[in-house]
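Reader: I would like a close look at a single part of this model, taken slowly and with the contacts spelled out. Could you walk me through it in one connected answer?

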Number of protein chains: 2
Amino acid sequence: MTGPPHVRRPATLASLAAELGVSRTTVSNAYNRPDQLSAPLREKVLEAARRLGYPGPDPVARSLRTRRAGAVGLLLTEALSYAFRDPVATGFLEGLALACEQAGQGLLLVPVSPEHADVAAVHQAGVDGFVVYSVSEDDPHFRAVLERPVPTVVCDQPVGVEGVDRVSVDDREGMRALGRHLTSLGHRRIGVLCMRLGPHRYDGRADIPRQEASSYPVQRERLGGVRDAFAEAGVDWSTVPVYERYDHSPEAGATAAAELLAAHPEVTALVCTSDVLAIGALQHAAEARIEVPGRLTITGFDGVPEAERVGLTTVRQPVRRKGQVAGELLLERGERNRPTLIVLPTELVVRDTSGPAVPVERFFSGW
Amino acid sequence: MTGPPHVRRPATLASLAAELGVSRTTVSNAYNRPDQLSAPLREKVLEAARRLGYPGPDPVARSLRTRRAGAVGLLLTEALSYAFRDPVATGFLEGLALACEQAGQGLLLVPVSPEHADVAAVHQAGVDGFVVYSVSEDDPHFRAVLERPVPTVVCDQPVGVEGVDRVSVDDREGMRALGRHLTSLGHRRIGVLCMRLGPHRYDGRADIPRQEASSYPVQRERLGGVRDAFAEAGVDWSTVPVYERYDHSPEAGATAAAELLAAHPEVTALVCTSDVLAIGALQHAAEARIEVPGRLTITGFDGVPEAERVGLTTVRQPVRRKGQVAGELLLERGERNRPTLIVLPTELVVRDTSGPAVPVERFFSGW
DNA sequence: CTGAAAGCGCTAACAA
DNA sequence: TTGTTAGCGCTTTCAG
């Protein structure tokens, strides 16, 4: 008779008030300001609510009135579900979730499929602010976020957006340190594996114009860091093969490594701009019986747990902290009126996949 | 002079309409029903919006009016950030996120700290429904969810809640199969490591009353499955030591294993109710130089990626699928009026950590 | 301590 | 194709 339970709003604050013969204010106060009415009256209201199945003030109506939704929105470039597969994103989310739960705010994951560019989801999100995680400079969703009259914090990229706070890490310096580590080991002929450089699917070699035109500042910076370090050692960057992959997965890393090494067998080190790619490269090396680090040095970037397990030499960035800081920046924004930029440090972690360069000739016949 | 950008709502639909000398309906239609007005007029409206900095219809106001928030809420027992550390939860979230993004719905992570039981967050969530992931039967947040007049899908537990859909896996049958695998290998003296059985922190041995009174049906079922299988082999359950841990982490698994083995050195197999605990047990075995599976068999439950890497014998459950089904159940709920129960199958995966039982005596002197 | 009045910003009939 | 009329359910001054 009454239909399925938990599905209708049987009573409203107004109807409850009418039923009890009190004003709506009183009912509202019973929920929001217990100190504004007598305990017995409050109990009476709550009891009636229970009896009539009144579930308490409607959150949406309250949000409209109070102009606060009690949630922060998160925008990612990739499909939403990707965030739970990528270890870096997962770490970031953990930190962000921590900041949110400490502030008692919800975290709304905004559904964006890279396919149907459904900007509507951004307009539809009932949130008090946005955290934007590592999206491309020309992302339409990001532009939609900027149109919303709520504060925004960008993580990593895009850079240089007016009026928004940003938190990132020192990608360039991290890669510089790594590059110097490699040059000090004698490496001069290297290859680089990097992540997506542009919005459209492309897998293959990326020439310098493409590198410099990338709409992903993080990749630009990481590549730039390697370039800096090798320039110091006198290596001409135009001789360094850089291979790009659209997908960010170990498989992509493995195929990229295979492709690069086939075209450039003289390479003594493979610098990857992420651990995930590096782990794939490592898998390829294992399958192809390439000795690491004896014959080939392989390095990553990020410092994910898996990298530690496999002993990958990498650059660690404080991913979780980055998420937490992003959340705090958004939630604790007092009366700052100038946008803030926070850059967290990175740290070179030398483990077992990097070693002295051995010229490839050494591996031929018995010199 | 104009204050920080992206922070105020400078114009409303009404003010825009007034400015243009058209009705609010027309402006609303320009956004929501492009086919309900002429293209030029629509363009004129949109242009004016741009000029006046009107960011489009306010999502909260629209939600109030349309009675739909465009998001589903997720309730977890643990602190929000925990979800990103636990591999099972992460898999579940991936599936759920997939379902949400396909339906264009947001996913709101409701902030619940187990500490300050802040049920308010549940009341505050502007969502069209809830997915409840594996919470205790007496969770106050869960009760708050049930009070909300929106559909709810429970995943795993609690069981037997009237009027809500549920999706789970066949925990009991999975553990039964695993138990039979062990008895067929000759194991008769086993120990069990299980997850939290009650709401309060407790680490130690769990006797049968405690096991049966647990407010976590999933643990009850998994323990029950082991019990079933060993009963078939004539093993008296009261002789089986069951050790419980409040935290769900490898460390907890390691200390529990140490504790159990110290008290019960006769044990030939350690059955863990989760892979995470089993991985910890494995670590303990490695440190204590206990040969696996030679001296000790160790098994898990879940089938997380890490379990595969270390060759753990376990029971695989379709975690991601579970999340996806939960989401679909909530979102595609047509005119079902009876609650649905979906039970997904589990699968025994025998790998390298289970082997024949060898009586512990064999390990003393040279018989 | 309680009540009356005034919207928050929007959409959905229904008419014109 | 456009406008008019009614709220969605709530909170919040401000008086009593």
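Author: What follows describes the protein surface around DNA strand C in this predicted model, with a look at the contacts to phosphate.

Around DNA strand C there are 29 residues, and of these Leu13(B), Arg24(B), Ser28(B), Tyr54(B) and Arg65(B) come nearest. On the side of the nucleic acid, sugar and phosphate make up 63% of the atoms of DNA strand C that come within 4 Å of the protein. Sorted by kind, the residues of the surface near DNA strand C comprise eight nonpolar, 11 polar and 10 charged ones.

Both chains contribute helices to this surface: in chain A, helix H2 (24-32) and helix H4 (59-66), and in chain B, helix H2 (24-32) and helix H4 (59-66), each supply at least two of its residues.

Turning to individual contacts with phosphate, Ser28(B), already named among the residues that come nearest to DNA strand C, has a side-chain N or O atom 2.8 Å from a phosphate oxygen of that strand. Arg62(B) places a polar side-chain atom 3.0 Å from a phosphate oxygen of DNA strand C. From chain A, the side chain of Arg67(A) has an N or O atom at 3.5 Å from a phosphate oxygen of DNA strand C.

Taken together, the surface draws on helices H2 and H4 of chain A and of chain B, and side chains that reach phosphate oxygens of DNA strand C include those of Arg67(A), Ser28(B) and Arg62(B).

Terms used. Residues numbered from 1 in each chain as written. Chains lettered and ligands numbered in written order. Predicted model: local features only at pLDDT ≥ 70, side-chain atom pairs only at ≥ 80, totals over all residues. Heavy atoms only, no water. Near = heavy atom within 4 Å. Polar contact = N/O pair within 3.5 Å; in protein donor to acceptor, adjacent residues only side chain to side chain. Helix = DSSP H or I, 4+ residues; strand = E, 2+ residues; numbered from the N terminus. Nonpolar A, V, L, I, M, F, W, Y, C, P; charged D, E, K, R; others polar.
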